[in-house]
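Trainee: I would like a close look at a single part of this model. Please take one helix, and work outward from there to its surroundings.

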Amino acid sequence: MIPDHLRTTLRRAGQLTLMLALLLGSLLLVACHRGDSVEWRLTDVTGHMPDLDFRLVDDQGKAVTGKDYRGKVVLLYFGYTHCPDVCPLTLAQLHVVMQRLGPLADGARILFVSVDPARDTPEIMHAYVNAFDPRAVGLSGTPREIEALSKRYRSAFTREPDKGDGQYEVSHSSAIYVFDREGKARLLATPGNPQDALVHDLHLMLSLGNPT
């Protein structure tokens, strides 16, 4: 059974996604054709971050590793389903990015790693990520596994004090890590990057292979 807070979040997700789609639909693949420069518009982290490597549980309850996503361009993001604003907005924006990529988006996966494994069960994660995009996968694990993965990519999160009713928020980094089909860390997107930059770079990576 889906908790009430998640139902509310999912309704908001639908509204956010529709709004972004309407606003950005007319920009479909603007400046992202093969004639553009092959220079990255996001931060190039090639050689400065480790390969995609983890052992977690996906939103189907199946044990998975980074190798299970070889062959796909991966967008890794740390968040949680109780997040009041940043996470749903980020996932809604990523859905629009996938739409703008068209058929190429089938070669990509959004990996949403929960920094709140105590509350984010596979069932809850599955309902949450699929409300945004079918190419999104929810991942969770033990607190130690999540902390280790966060440190691996220089991310950070902190659980805030309990509000007294068992509810709490988790402050977390908001970067999106982009890995190529071989699991190599290639790009880093932050909230300050325009959506066009992410679409441009993903389009290049998906259509031209892994340009250097």
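Mentor: What follows looks at helix 4, then at the loop after it, the strands around it and the chain as a whole.

The model is predicted, so confidence comes before detail. The average pLDDT of the chain is 87, and 80% of the residues score at least 70. Residues 17-37 are a stretch where the pLDDT is below 50; beyond near neighbours in sequence, this stretch has 34 contacts in the model.

Helix 4 runs over residues 143-152, and its buried residues include I146, L149 and S150. Why do they count as lying on the same side of helix 4? Because the arc they cover around the axis is only 100°. The spacing has a general background: an α-helix has 3.6 residues a turn, so residues three or four places apart point the same way. The other side of helix 4 carries R144 and K151, both exposed. Helix 4 thus has a buried side, with I146, L149 and S150, and another side with exposed residues.

What lies over the buried residues of helix 4? The cover includes strand 2 (55-58), strand 4 (73-79), strand 5 (108-114), strand 6 (136-140) and strand 7 (157-159).

One residue of helix 4 falls between these two classes. E145 lies in helix 4 and is partly exposed, because its relative accessible area is 33%, and the partly exposed class lies between 20% and 50%. Leaving aside neighbours within four places in sequence, E145 is in contact with R55 and L56. E145 also lies 8.2 Å from F54, C-alpha to C-alpha, with their positions 91 residues apart in sequence.

Next comes the end of the helix. Helix 4 is followed by R154, whose phi is positive. That value is near 60°, in a residue other than glycine. R154 sits in the loop between helix 4 and strand 7. With a relative accessible area of 60%, R154 is exposed. S155 has its place in this loop between helix 4 and strand 7 as well. Is S155 buried or exposed? S155 counts as buried, because its relative accessibility is 10% and the cut-off is under 20%. Not counting residues up to four places away in sequence, S155 touches F78, S150, S173 and Y177. One of these, S150, is among the buried residues of helix 4.

Now the strands that cover the helix. An open sheet of 8 strands has the order 1-10-9-4-5-6-2-3, and its pairing is mixed. Its edge strands are strand 1 (43-44) and strand 3 (63-65), each of which pairs on one side only. Strand 4 pairs with strand 5 in the parallel sense, over 7 bridges. Within that pairing, G79 has S114 in strand 5 as its bridge partner. Strand 4 also pairs with strand 9 (residues 176-179), here in the antiparallel sense and over 4 bridges. There Y77 stands opposite I176 in strand 9. Strand 5 is largely enclosed by the rest of the structure, because 6 of its 7 residues are buried.

Some totals place this part in its setting. The chain has 5 helices and 10 strands. Of its 212 residues, 49% count as buried. Its accessible surface comes to about 10100 Å², and 54% of that belongs to carbon and sulfur atoms. Among contacts between residues at least 6 apart in sequence, 77% join residues at least 24 apart.

A last point concerns the cysteines. How many disulfides does the chain have? The count comes to 0 disulfides. C83 is in no disulfide: its nearest cysteine sulfur, that of C87, is 3.2 Å away, and the cut-off for a disulfide is within 2.5 Å. C87 is likewise in no disulfide, with the sulfur of C83 at 3.2 Å. C83 counts as buried, at 5% relative accessibility, and C87 is buried, with a relative accessible area of 0%.

To return to the part you asked about: helix 4 has I146, L149 and S150 buried, with R144 and K151 exposed on the other side. The loop that follows holds R154, which is exposed, and S155, which is buried.

How values were computed
Residues numbered from 1 in each chain as written. Predicted model: local features only at pLDDT ≥ 70, side-chain atom pairs only at ≥ 80, totals over all residues. Heavy atoms only, no water. Helix = DSSP H or I, 4+ residues; strand = E, 2+ residues; numbered from the N terminus. Buried < 20%, exposed > 50% of the residue type's maximum accessible area, 1.4 Å probe, protein only. Contact = heavy atoms within 4.5 Å. Areas by Shrake-Rupley, 256 points an atom, 1.4 Å probe, with all protein chains shown as cover. Arc of directions from axis to C-beta. pLDDT = per-residue confidence, 0-100. Pairing = 2+ DSSP bridges.
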